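Trainee: Could you take me through one part of this structure in close detail? I would like to see how a single helix sits against its surroundings, and then hear about a few other spots you find worth a look.

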Amino acid sequence: MPNLHNLAGTAAIRLFGLLPIDSKKLFFISYQGKYSDNPRAIYEELQKTHPELHYVWVLEGEHPDLPKNTKVVRARSLAMFYHMATAKIWIDNTRKPVWTRKRKHQFYIQTWHGGLGFKKCEKDCEESLTADYLAMAKHDSSMMDLILSGSAWQTDMYERAFWYNGEIQEYGLPRSDALYQSAEPAIQRVRDFYGLKDENLLLYAPTFRADENTACYNVDFQRLLDTVTERFGGTWKLLVRLHPIIQSKADFIPYSDAILNGSLYPDMNDLIRACSLSLTDYSSWLFDAMELGKPVLLYASDLEEFLKDRGLYFRPDELPLLFAENNDQLMDNIRAFDLEQYQSDAAEFLSTVGNFNDGHAAEKTAERILQELKK
C-alpha cells in the first residue's frame, strides 16, 4: 500500500509548485525541526547583513523568537509545503523525505550534520541501513546542488559514500565557527544555566545504538567523579548528554547535584567549550573537542558488537585517545592521562585528515548563497 504521508507530501509540493519561486526566499530545516547546527550558523550569518531576504524555518517545540523577517512553520504543514515549493534556496542538514520534489530553478545546499566521522555512514554501512532510508538518501543526493565539507577526509567520504558527484565546497563547517570564538561567553552561559560557580565540568555524551539499548552506558558515574577529582583536583560536576534518540530512556541516569542533565542545554558547542574533560564512545563531536585541544577519553563496552553492526571509520587504537572497555580501564586511563602528549598527538592527527575549519565557514557559505540569489 502506498505511504499516504508520502503521497500527500508529493501532491502538496506539486500543487504549490505551480506558483512562482520567490528569488529572495531561503528555506531552513535542521534535524527535522530544531533551531541548530549548520543551518542555524548560516542563517545567523546572513541575518547580520541581509535582513531584506525572506527567511523560513521549519521548527517544532520551543524555539527562540526570531526576527520579523523570518517565518516559522511546522513540519508537514501546508505552510511548510508552500514555502518549500516557492523558496529559491533550501538549506538542510539531514536527508529530505522521498516525497520531496525540487523545482528546476531551486538550489539545494546540503550541510550534513556530521563532520569528521567516527561511525560509518551512508553507502559505507549500506548493509545496516533500511530499504526506506536508502531510497530516501539516494533521492536526496539526486536533488543536491552543493554539499559542505569540513576536511579532506570528509570530501573523500562524500565522493565515495553519498551517491553524489556534484559540487563540494571545502569551506569548513559553519557550526564549527563558534569553536574559534572566545570561549568565555559560552562558559558563562552554561554556568548560568546550571547555577554553577567555579566547578570543573566533565561532559559525557555517547551516541545511540540501533536497537536503542541502554546497557552499554554503564559508566560508574560516582567512581568517575571521584577519580577525576583525585587526578586533577578541584571540584567537579558531570554533565550527561544523551543522543536525542535515547533521551526518552534517560531514567537509568542517576541525576543529582553532581550529575547534571546535559540534554536540557540547547547548544552542544557551548558544552564542548565549557567542559574541562570530555568522555564519549563513538560520537563525532569528539573531533570538535580535539580540534580545541580539549582532553577527550573514550569508553565503550560494546566495541566488537558495534563493529559488526555498523562499523567505524577509525578503530579506537587508530586515534590519539585513550580507550577503555570497562570501568577499571577508564579509571586507569584518567590517572595516566598526559595533556601535553595528547595535544601533540591530536594536532598531528588533525593535520593528516586535512582540517578546513577556520572560523569563517558560515561567512563563505553566505557569500555563495548570495551569488546564487543573483543568478
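Mentor: Happy to! Keep in mind that this is a predicted model. Let us begin with helix 11, where the buried residues are Asn327, Leu330, Met331, Asn333 and Ile334. Around the helix axis they take up an arc of only 160°, so they sit on the same side of helix 11. The general background is simple: an α-helix has 3.6 residues a turn, so residues three or four places apart point the same way.

What lies over that buried side? The cover of the buried residues of helix 11 includes helix 7, strand 11, strand 12 and strand 13. Helix 11 itself spans residues 327-336 and lies across strand 11, strand 12 (296-299) and strand 13, with a direction at about 160° to strand 13. At its N-terminal end, helix 11 is capped by Asn326, which has a side-chain oxygen 3.1 Å from the backbone nitrogen of Asp328.

Now step back to the sheet beneath this helix. It is an open sheet of 6 strands with parallel pairing, and the order is 10-9-8-11-12-13. Strand 10 (259-261) and strand 13 (322-324) are at the edges; each has a single partner strand, so one side of each has no neighbour in the sheet. On average, and with direction ignored, neighbouring strands here are turned by 25° against each other. Within the order, strand 8 (residues 200-204) pairs with strand 11 (residues 277-280) in the parallel sense, over 3 bridges. For a landmark in that pairing, find Tyr204, which stands opposite Leu279 in strand 11.

Helix 7, part of the cover of helix 11, also meets this sheet. Helix 7 covers residues 221-232 and lies across strand 8, strand 9 (236-240), strand 10 and strand 11, running at about 135° to strand 9.

From here, let us visit a loop. Asn357 is found between helix 12 (339-353) and helix 13 (361-374). With a relative accessible area of 12%, Asn357 is buried, because the cut-off for that label is under 20%. Its side chain reaches the backbone nitrogen of Leu173 at 2.7 Å. Setting aside neighbours within four places in sequence, the contacts of Asn357 are Gly150, Gly172, Leu173, Ser176, Tyr180 and Glu291.

Another buried position is Ile109, which has a relative accessible area of 1%. Ile109 belongs to strand 5 (residues 107-110). Not counting residues up to four places away in sequence, Ile109 touches Ile89, Trp90, Ile91, Asp92, Leu146, Leu148 and Ile369. If you want a backbone distance to check, the C-alpha atoms of Ile109 and Asn93 are separated by 8.6 Å, and the two residues are 16 apart along the chain.

Finally, the cysteines. The structure holds 0 disulfides. Cys121 is in no disulfide, and its nearest cysteine sulfur, in Cys125, is 6.4 Å away. Seen from the other end, the closest cysteine sulfur to that of Cys125 is in Cys121, and 6.4 Å is too far for a bond; the cut-off for a disulfide is 2.5 Å between the sulfur atoms. Both residues count as buried, Cys121 at 11% relative accessibility and Cys125 at 0%.

Methods:
Residues are numbered from 1 along each chain as its sequence is written. This is a predicted model: local features need pLDDT of at least 70, side-chain atom pairs count only at pLDDT 80 or more; totals for chains, interfaces and linings use all residues. Side-chain values use heavy atoms; hydrogens and water are left out. Helices (H or I, at least four residues) and strands (E, at least two) are DSSP runs, numbered from the N terminus. Buried means under 20% relative accessible area, exposed over 50%, partly exposed in between (1.4 Å probe, protein chains only). Contact means heavy atoms within 4.5 Å. Two strands pair if DSSP finds at least two bridges between them. Axes are lines fitted to C-alpha atoms, for helices over the stretch in contact, and angles run from 0 to 180 degrees between N-to-C directions. The arc is that of the directions from the helix axis to the C-beta atoms. A polar contact is a pair of N or O atoms within 3.5 Å; within protein, one must be able to donate a hydrogen and the other to accept it, and residues adjacent in sequence count only if both atoms are side-chain atoms.
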